[in-house]
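Please open the model in your viewer and keep the selection panel at hand, since each stop below begins with something to select.

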Amino acid sequence: MPLTPPAEPDPEPKMNWASFYAVISGVNRHSTGIGRIWLSVLFIFRILVLVVAAESVWGDEKSGFTCNTQQPGCNSVCYDQFFPISHIRLWALQLILVSTPALLVAMHVAHRRHVDKRLYKLSGRSNPKDLEQIKTQKMKITGALWWTYIISLLFRIIFEVTFMYVFYMIYPGYKMIRLVKCDSYPCPNTVDCFVSRPTEKTVFTVFMLAVSGVCILLNIAEVVFLVGKACSKHLHNAGDSTMGAWIQQKLCSF
Amino acid sequence: LPFLCRWASLVLSLFPPYKHSHSLVTVLSPRMSWPALYAQLVGANRHSTSLGKTWLSVLFIFRVMVLVVAAESVWGDEQSDFTCNTLQPGCENVCYDQFFPVSHIRLWCLQLVFVSAPTLLVAMYVAYRNHRDKRKLLQVCGTKGLDEELETLKKRRLPITGALWWTYACSLVFRLLFEAGFMYALYVVYDGFQMPRLVQCDQWPCPNLVDCFISRPTEKTIFTVFMATASSICMVLNVAELVYLVAKAVNRGLCDQRERKSCSKERMRNRTNQRSLVST
């Protein structure tokens, strides 16, 4: 082995989750209260736990995977057969994909602000104070923004559920087994291979699964809240319209 | 010049041997890589179209983040866990070198650096325009406390017309060329996007044909396919942006032509009216 200087602890990955946090938490201003709770749960119970704890549990997953044979290559092949993709990578991908729909909302808000700025300029109010006010104004979740928000929530739920399903397909039962039996080439016959830290891995898998479930529930609650709010607003405003009156009549009859 | 310095230090810091040995790199920027790149590009982003801004988000979230957070740990042990079925010293090194001339991670890092570079063209042109306009302003008005005007000059968003349009279109074309070039290079060097589990090698000093086993081939295949997909999405966004710019320019040209025609018609009408007035 060539002599290499000891690797310095690389702050890059942590720095990148931090810059990711900066990007995503900017969206926070336009979320509902439940959305902010979801974001906090995401960052504290999933990203932080992933970076601080889970990565060191899975750190030696390959080097600690030992097979009962001295045949070169048998270790690699058996590891590849039983762990096509590591839990850590799946969780990192899940977290990245689940956070991206929030950017849809951010893009929509930026587009609306751009449109408002243009309207202000056309109507003659090109005061820098007014334009600043547009930037700091909190957008109300109505109209097209409501639809964008709902779509982003639905995508979040779909991604979460998909990843949980993928997890279940690759690692049935969410439990990490202590021993796997393997007989791919070049292993001479059926060899016993031992997984490192199976109990700790099971504990963290169950934890991340539980938090994922909590996040799905929060997202569903947010969807219900937004739909409920929109319905109540329509009923309130539809005092004159026939549809509103009909709905009110039906509700009153129950 | 500051752009170029940071760019050079960024490229150097991507190659591990230089990280530890080259003192110039540590002087310039020990850990300035992806966040610094992000800061540079976001600054140049102000003059992009909305497709350009989408492209930048896709680049950073689905390519740089995934590369740093996930892919680097998958390829981390690629050489140490490359085992050959022989005790012959040097055989593993030689076989690894034969099958992996450049690692995927380094290819992707280079691809991301090259693909982000054309945005600098746009940033440099905008800086040049601002400098030129500042000079004009100072010449015309002298130094009569024009801080406000200079501030508006810095903060304004230039419309994408004229020379800026050409610079922007060139940068898009270069981006596309670099993306396609790197994807082709990856495909050619590794014979497709799939990582085999076993390679057979008979370079000297390996005694005869030996089996060599690659670590985590399935995970590597998954990430290679993911990065290839993200790269194609970026290419599609670039093509769409180019089409949009060309369409906008054509539209503007037609509008200008129509205006010129209507102006010349007006002038003709005025002239005939005048002639008729004079003749009566």
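Begin by selecting Asn130(B), which counts as buried because its relative accessible area is 17%, where buried means under 20% relative accessible area, exposed over 50% and partly exposed in between, with a 1.4 Å probe and protein chains only. The model shown is predicted, so that local features need pLDDT of at least 70 and side-chain atom pairs count only at pLDDT 80 or more, while totals for chains, interfaces and linings use all residues. Residues are numbered from 1 along each chain as its sequence is written, chains are lettered from A and ligands numbered from 1 in the order in which they are written, and side-chain values use heavy atoms, with hydrogens and water left out.

Staying on Asn130(B), you will find this residue in helix 8 of chain B, residues 118–141; helices are DSSP runs of H or I with at least four residues, strands are runs of E with at least two, and both are numbered from the N terminus. Once neighbours within four places in sequence are set aside, Asn130(B) is in contact with Leu153(B) and Arg156(B), contact meaning heavy atoms within 4.5 Å.

Next, select Glu148(B), which lies in helix 9 of chain B, residues 147–155, and which is exposed, at 70% relative accessibility. Add Asp147(B), Glu149(B) and Glu151(B) to the selection, and a surface patch of negative charge comes into view together with Glu148(B). Such patches are made of residues with over 30% relative accessible area and no salt bridge, like charges being joined within 9 Å and nonpolar side chains (Val, Leu, Ile, Met, Phe, Trp, Tyr) within 5 Å; a salt bridge is a side-chain nitrogen of Lys or Arg within 4 Å of a carboxyl oxygen of Asp or Glu.

Which residues form the positive surface patch? Select Lys117(A), Arg118(A), Lys121(A) and Lys135(A), and with them Arg46(B), Lys53(B), Lys155(B), Arg157(B), Lys248(B) and Arg252(B). Helix 5 of chain A (101–122) and helix 11 of chain B (217–279) each supply at least two residues of this patch, and helix 5 of chain A gives the most, with three. Lys135(A) sits in helix 6 of chain A, residues 128–136, and is partly exposed, with a relative accessible area of 44%.

Finally, select the whole of chain A, which has nine helices and three strands, running from the N terminus as α-α-β-α-α-α-α-α-β-β-α-α. Of the 254 residues in chain A, 41% are buried.

Methods:
Accessible areas come from the Shrake-Rupley method with a 1.4 Å probe; for residues, only the protein chains shown count as cover. Lys and Arg count as positive and Asp and Glu as negative; His and the chain ends are not counted. The place of a charge is taken as NZ of Lys, CZ of Arg, CG of Asp or CD of Glu.
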